[in-house]
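Hi everyone, thanks for making time this morning. I'd like to walk you through a model I've been looking at, so please have it open in front of you.

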Amino acid sequence: MKTLWSTSAAVTVLAALGAGGSPAFAQTAPATQAAPTTQAAPDNTNAIADIVVTATRREESLNKIPLAIQALSGDSLAKLNVVNFEKLIEFLPNVRTASHGPGTSSIFIRGLSTDSPGLQIAGTAGTAPSVALYVNDAPASLVGRNLDFYAADLQRIEVLAGPQGTLFGASSMGGAVRYITNKPDLQNYHAGFNGTYSFTKGGDNSVAGNGYINIPVIKDRLAVRVVLYGDQQGGYIDNVPGTYQVPFDAHIGQAGRLPTGNPLLVMRALQSCQLTATTTVSNCNGSQYNAPMRQSINNSQFVEDNYNDATYKGGRIAATFKINNDWSIEAMHVRQQLKVDGVFEYDPLVGDLKVQQFNPNTLRDKFDETTWTLKGRLGFLDAIYTGSYLHHNAVQKADYARYSNLGLYVPYYECDRGVYYTAAYNGNIGNTCYTPSKSYQVRNKTQRITHEFRVTTPAAERLRGTFGLFYDLSKLYDNTDWSYLEPLAGFINPRAPNPAVNPHDPSVRPLQVGFFNDIQRRDRQIAAYGEASFDIIPRQLTVTAGARYYDEQASINGSSNTSFASGGRGIYDPVTGTYSVSPTATPYYGISANLNTLLKDVSPAKYSGVLLKGNVTYKFGGGSLVYGTYSEGFRPGGFNRRPCRVPSGCTAAEFAALAVYVPDTVKNYEIGTKLALLNHSLQINLAAYQIDWSNIQMTVFDQNISNQTFTTNLTDARIKGVEGDITWRATRDLTFNGAFSYNDSKLTKYRKNTVVLLPIGSPLALSPKFQFNVRGRYEKEMASGLRPFIQGAFHHVGKSISSDISNVDIRYQSFNPSLGYVTSIPVTYNGVTVKPGDVVVPIPVSQNQAAYSTYSASIGVSKDQWSIELFGENLSDARPQLYVSGNDGTNRITTSRPRTIGLRVSTKI
């Protein structure tokens, strides 16, 4: 809180000093920005002002380009209280996220989504995003999580729907989201401040402040713009008291019931019904299995009300230097820190907005992005070179105690050796499962540098075009530690990575770390692109063709490291039940996957090709148009650490085939119209499309195949949809906005034999068939100059599913370690016959997400350069199921903040 108020105070002082130190600037009327976000409306008091966008890489009016695009101006963002992406999507009906809270979202457009892997493996095993994220002209997408860019002092946000492959390249097959910042104004001084204080039902209060100052250091030549912001968002989810132990119930003697609980314990109970390699126990009912003693953990030290708070803190400085009338240089640096504590998902089995967490949950997310741009004229060409450097660090700690619900190998880490290997085979080596205090820590570091040069020909010419070159180098360093080990289970020997894997981080890990990834991913892109338009009938009929040649190179190195078969456990004393250090203890972890050798023949992988686009546009009626578009997009391929176990899970040939997954691609067929009606007071934009999605990359955690999450090209899909947005300025004072989308998506083909996917014909994940939003605003200027206003909004999202992965059920193993790893034979347990390959622990993945609606409203007044507003969000106090996740075996729901009422004030100089 202290830091937040310090940030807000700093902004206010900057504005005040600027006003006092530059009286000439302070007396100047508020200036238009150097790159205006809106164009003047036609001669009609009710006409809609058009937003100027750069989605086609040149400045054009939003409603006059043949492209499905939505844009919210900076003024609209402020009126709607949009500061992050979670709020933004309420007004973008064809955009969804798989969100675990601030800093942990994946973005999807037009239903191009099948699943979202857990954050603990997203860096190492996650796919590249399907939606490109840009800050101005700088790519800012990240693998596994999106850059949570705080929306302060923005000129606009552009959302481009559908494949944007020719102009925006890889990872834009679903579309692109562009944050366009306000640029320094070379002519006039101006400054502003916005402050917000809000109350959340049953939660903590929130406070935010942001401000900017623009100083023309040398009028018409050099200007600087500084932005500062801080936003402390109070929590609303309670971590309530609870206990937990490794789950297991033998259901002894209960006819027709198999054991339930942890998959390993279930497996061992069933295996106890096999007497020898060829015989079974008669009337096996569970009493034959010596179930382990299971200790419980409690969360008393972490119990807290409203413990999921988040704080954004950051700033931006930009400068523009006009060299001469033709050339200028722009530079910008952004720094942001995001601090998150707690979880933003609640467990409905525990209670409304309640969870039971047994270890710390924190995220410390920081990024710095620097961009530089040189633009001017080369003869008749407009030329621009832009570069960027992004440095992102994320350190996330999370409770993982309940992984015992589904972890087949968990008892090895937190139980005595006799639980995993069973005393019948190994003698007395302990039979206790200790407190399941599991957690993980993700350390991700991303470095990305890009360069782009492009030229555009004059827009007024009958034949015109945009042509460019692009270079992108991205490196992701992922170090993720899973703290599974229980010292009471004999893991008392600190260890470091084996030097044979050439680790990036060679340090000795904490005693509890039982498994970790030490991975570096590297992606390099080179591309040349062009898009040309020709007016067959000047200002009426236009054809456009575009192409992008790309050369993509992806590589991975590093290792996954394990405690299995590595001498990490001490020697058990059956008399005392304790462990002592083994004389043969090794100082190193075992090697689960040495990617430097496993993938040396396939990494780096190289992909190249050409993406195409074609468009025909017919303009009519003084501002309306119809168009047809064909476009393509792709997402880069990648690698797996250990996609299967040889030979128990797959053959060597199958391992080689699964070690690499290739790019998935989309083809988009689209028709649309943009209609300017009622003397430009009514704007209707519609688009209908079919998207064919091939070789879809899906990330799976199937313990029957591998103990490590892997990605493979598993299926194809088809999406048919209609989307649109409407703006009606009914009177000079009353405006209505609405947007909708309808998506009919389905899986069409399996690329591999699989039992984990939903059936062919099933819809894609996070793709509601229907969703829409409407809002209205009445604002009238009084004779006194006061402008009272009232605004209301309604947002509806239809039902959907969370994943196209149906299940990752555990199946009865083909070997029996209790008998020295002999081949398993069918057994009968409580009258139920189980044979190798049968499902013994069902683990459903895909969850239904219910439809929901939310309401918001605001009322206030403005005059000259100030405004004050009372607002309410989620007025019905709904619990929308934004995302249902169960990657630790417990379904938790990410939902919206409960009913929130707040006050917002703003002023400009």
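I'll talk about rings, then a sheet, then salt bridges, and finish with one glutamine.

A word of caution before we start: this is a predicted model, and every value I quote is computed from it.

Let's begin with the aromatic rings. Counting ring pairs gives 35 of them. Take tyrosine 134 and phenylalanine 168. How are the planes of these two rings set, edge-to-face or stacked? The planes stand at 80°, with the ring centres 5.2 Å apart, and since anything over 60 degrees counts as edge-to-face, that is what this pair is. Now look at where the two partners sit. Tyrosine 134 belongs to strand E7, residues 131–135, while phenylalanine 168 belongs to helix H6, residues 165–168, so the pair ties together parts that are 34 residues apart in sequence. What about the solvent? Tyrosine 134 has a relative accessible area of 3%, so it counts as buried. Phenylalanine 168 is buried too, with its relative accessible area at 3%.

For another kind of geometry, please find tyrosine 618 and phenylalanine 620. Their rings are stacked, with 6.2 Å from centre to centre and 20° between the planes. Tyrosine 618 has a relative accessible area of 34%, so we call it partly exposed. Phenylalanine 620 is also partly exposed, at 34% relative accessibility.

Rings can also join up into a group. One cluster linked by ring pairs includes Tyr400, Tyr403, Tyr409, Tyr412, Tyr420, Phe491, Phe564 and Phe701. Two tyrosines in that cluster, Tyr412 and Tyr420, have an arginine for company. Arginine 569 lies over the face of tyrosine 412, at 4.9 Å from the ring centre. Over the face of tyrosine 420 you'll find arginine 268, at 5.3 Å from the ring centre.

Now back to strand E7, which we met through tyrosine 134. Which strands share a sheet with E7? The sheet is an open one of five strands, in the order E4-E9-E10-E7-E8, and its pairing is mixed. At the edges are strand E4, 69–73, and strand E8, 138–139, each of which pairs on one side only. As a reminder, strands of a sheet pair through backbone hydrogen bonds, either parallel or antiparallel. E7 and strand E10, residues 175–181, pair in the parallel sense over five bridges. If you want a spot to zoom in on, valine 135 stands opposite tyrosine 179 in E10.

On to charges. The model has 42 salt bridges by our count, and I've picked out three. In one of them, the side chains of aspartate 137 and arginine 57 meet at 3.1 Å, N to O. Aspartate 137 sits in the loop between E7 and E8, and arginine 57 in the loop between strand E2 (50–53) and strand E3 (60–61), so this bridge ties together parts that are 80 residues apart in sequence. Are these two charged residues buried or exposed? Aspartate 137 is buried, with a relative accessible area of 16%, and arginine 57 is buried as well, at 5%.

Next comes aspartate 877 with lysine 201, where the closest N and O atoms are 3.0 Å apart. This pair links distant parts of the chain, 676 residues apart: aspartate 877 is in the loop between strands E53 and E54, and lysine 201 in the loop between strands E11 and E12. Aspartate 877 is buried, at a relative accessible area of 13%, whereas lysine 201 is partly exposed, at 46%.

My third pick is aspartate 505 with arginine 443, with the closest N and O atoms 3.2 Å apart. Here the loop between strands E28 and E29 holds aspartate 505, strand E27 holds arginine 443, and the two residues are 62 apart in the chain. Aspartate 505 counts as buried at 16% relative accessibility, and arginine 443 as partly exposed at 26%.

Some salt bridges share partners. Arg57, Asp137, Arg156, Glu158, Arg178, Glu452 and Arg454 are joined into one network that way.

Last stop: glutamine 697, in strand E39, residues 682–700. Glutamine 697 is buried, with a relative accessible area of 2%. Which residues does it touch, leaving aside neighbours within four places in sequence? Among them are Thr114, Thr127, Arg635, Tyr661, Asp664 and Asn713.

That's my tour, and I'm happy to go back to any of these spots on the screen.

Key:
Residues numbered from 1 in each chain as written. Predicted model: local features only at pLDDT ≥ 70, side-chain atom pairs only at ≥ 80, totals over all residues. Heavy atoms only, no water. Phe/Tyr/Trp six-rings, centres within 6.5 Å; stacked < 30°, edge-to-face > 60°. Helix = DSSP H or I, 4+ residues; strand = E, 2+ residues; numbered from the N terminus. Buried < 20%, exposed > 50% of the residue type's maximum accessible area, 1.4 Å probe, protein only. Lys NZ or Arg CZ within 6 Å of the ring centre and 35° of its normal. Pairing = 2+ DSSP bridges. Salt bridge = Lys/Arg side-chain N within 4 Å of Asp/Glu carboxyl O. Contact = heavy atoms within 4.5 Å.
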